[in-house]
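I sat down with this structure and went through it piece by piece. These are my notes, kept short for whoever shares the bench with me.

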Amino acid sequence: MSKRTNMPTRRLVVAATLSLVALAPIGAMAQANYPSKPVTIIVPFPPGGGNDVVARLLSQGLGKKFNQRFIVQNVAGANGSVGLNMLARAEPDGYTLGVAAAGPMAVNPNLYSDLPYDPVKDFEPIANVVNTPLLLVLNPKVKANTIPELIAEAKANPDKFSYGSPGIGNSGHLAGELFNSMAGLKIVHVPYSGNGPAMTDLLGGQVQMLWSSIPSVLPHVQQGALKGIAIGSAQRLPALANIPTVAETVPGYEAYSWVGLIAPKGTPRPIIDKLNAAIKELLSTPEAIATVEKIGAIPVASTPDEFREYIKAEIKKWGDVIRDAKITAENEAK
């Protein structure tokens, strides 16, 4: 009698067990077949900049690798915060990815107390794709031609020098403040409403120097309108081997704008690893290397864990610079 009474229960247990066994591989199969539909890459900036160039490089390369569409979606606003907020709230299934840049990931958390996302807690790092070292350029009227000469001249004439940047908290602004701190200088920062006005005043001599991405200023250097005296990378760039690094005079100095790829928190690790491996493969191709070099960048292709630690280190590094220089987001640009 008891056996008959337990039969339905046993059948339920067996059925439930079989259901679990049948369902268990579905997630793994979905990850193994990833991507099986188009993937969106959110770029938190307008089209045309370095972040957009890297995103489109990834879009083309990953699309070719996986025989699937990777669609770039530009969602600009609030120094990158609008796009990253959208990414943080996307489904963590690998079909919405985003470009991570130094500004919204490492600078904004130190400037704004009301960010709608947490750069560490809300995302899964996939890879730091490229680092873009900043080039220090001077107006030709400045006598100095090297970092030692600039430091000596700036110390002898503390009220004579100022540097421009496209705005408060921009990578060029923070690179200048880091240089001030490490070289013991007080070169005045002059913020502008964009790179164009800053460049105009630099060429006109209203400010004496600018820390900039290489493509923006290299034509002026090549034409003799500006002097490129040092680069913010740890080692010299092969394409600009005649330009020394700042670190050759100021040990430990490094200033990069960087671009990586991230996903919403909870995106499965097998998908993260699959994308990471594809990015490493992509960045080893001659076509990708040429594109990266064209924007003055260095291919990185870090592991997800390395990228996570790098983001944390960058938040601390630029946070220290911002606090030491007493930088606030309320300053107005020219």
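The entries below go from the whole chain to single residues.

**Entry 1: the whole chain**

I noted at the outset that this is a predicted model. I counted the elements and found 11 helices and 10 strands in the protein chain. Next I looked up burial: of the 334 residues in the protein chain, 48% are buried. Then I turned to contacts with a separation of 6 or more, and 77% of those are between residues 24 or more positions apart.

**Entry 2: strands 5 and 6**

I wanted to know in which sense strand 5 and strand 6 pair, parallel or antiparallel. Strand 5 covers residues 162-165, strand 6 covers residues 188-191, and the two run parallel, with 4 bridges between them. The chain gets from strand 5 to strand 6 by way of helix 6 (residues 171-183), and I logged this β-α-β crossover as right-handed. For a landmark on screen, I picked Tyr163, which sits opposite His189 of strand 6.

**Entry 3: strands 4 and 8**

Here the sense is antiparallel: strand 4 (residues 123-138) pairs with strand 8 over 4 bridges. Strand 8 spans residues 227-231, and 4 of its 5 residues are buried, so I wrote it down as mostly covered.

I then followed Leu136, which belongs to strand 4. Its bridge partner in strand 8 is Ala230. How buried is Leu136? Its relative accessible area is 0%, and since the cut-off for buried is under 20%, Leu136 qualifies. I also listed what Leu136 touches beyond four places in sequence: Ile147, Leu150, Met209, Leu210, Trp211, Lys227, Gly228, Ile229 and Ala230. One more distance went into the book: the C-alpha atoms of Leu136 and Ser213 are 9.0 Å apart, with their positions 77 residues apart along the chain.

**Entry 4: Thr245**

I found Thr245 in the loop between strand 8 and strand 9 (256-264). Is Thr245 buried or exposed? Thr245 is buried, with a relative accessible area of 3%. Setting aside neighbours within four places in sequence, I listed its contacts as Ala230, Ile231, Ser233, Ala234, Gln235 and Arg236. From the C-alpha of Thr245 to that of Ile229 I read 8.5 Å, and these two residues are 16 apart along the chain.

**Entry 5: helix 9**

Helix 9 runs over residues 269-282, which is 14 residues. Its first and last C-alpha atoms are 20 Å apart, close to the 20 Å expected at 1.5 Å a residue. I then marked its buried residues: Ile271, Ile272, Leu275, Asn276, Ala278, Ile279 and Leu282. Why do they fall on the same side of helix 9? They do so because they cover an arc of only 165° around the axis.

**Entry 6: Ser302 and Ala301**

Asn276 of the buried set in helix 9 came up again when I listed the contacts of Ser302. Leaving out neighbours within four places in sequence, Ser302 is in contact with Ile126, Ala127, Asn128, Asn276, Lys280 and Phe307. Ser302 itself is in the loop between strand 10 (298-299) and helix 11 (304-324). At 8% relative accessibility, Ser302 is buried. I also noted that a polar atom of the Ser302 side chain lies 3.0 Å from the backbone nitrogen of Asn128.

Ala301 lies in that loop between strand 10 and helix 11 too. What caught my eye is its phi, which is positive at about 55° although Ala301 is not a glycine. Ala301 counts as buried, at 13% relative accessibility.

**Entry 7: two more backbone notes**

I looked up Asn79 for its phi, near 55°, a positive value in a residue other than glycine. Asn79 is in the loop between strand 2 (70-74) and helix 3 (81-88). With a relative accessible area of 43%, Asn79 is partly exposed.

Last, I checked which residues a cis peptide bond joins. They are Tyr34 and Pro35, and I put down omega as about -5°. Pro35 is in the loop between helix 1 (2-32) and strand 1 (39-43).

Definitions and conventions:
Residues are numbered from 1 along each chain as its sequence is written. This is a predicted model: local features need pLDDT of at least 70, side-chain atom pairs count only at pLDDT 80 or more; totals for chains, interfaces and linings use all residues. Side-chain values use heavy atoms; hydrogens and water are left out. The expected span of a helix is 1.5 Å times one less than its number of residues. Buried means under 20% relative accessible area, exposed over 50%, partly exposed in between (1.4 Å probe, protein chains only). The arc is that of the directions from the helix axis to the C-beta atoms. Two strands pair if DSSP finds at least two bridges between them. A crossover is right-handed if, with the strands pointing away from the viewer, the path from the first strand over the helix to the second runs clockwise. A polar contact is a pair of N or O atoms within 3.5 Å; within protein, one must be able to donate a hydrogen and the other to accept it, and residues adjacent in sequence count only if both atoms are side-chain atoms. Contact means heavy atoms within 4.5 Å.
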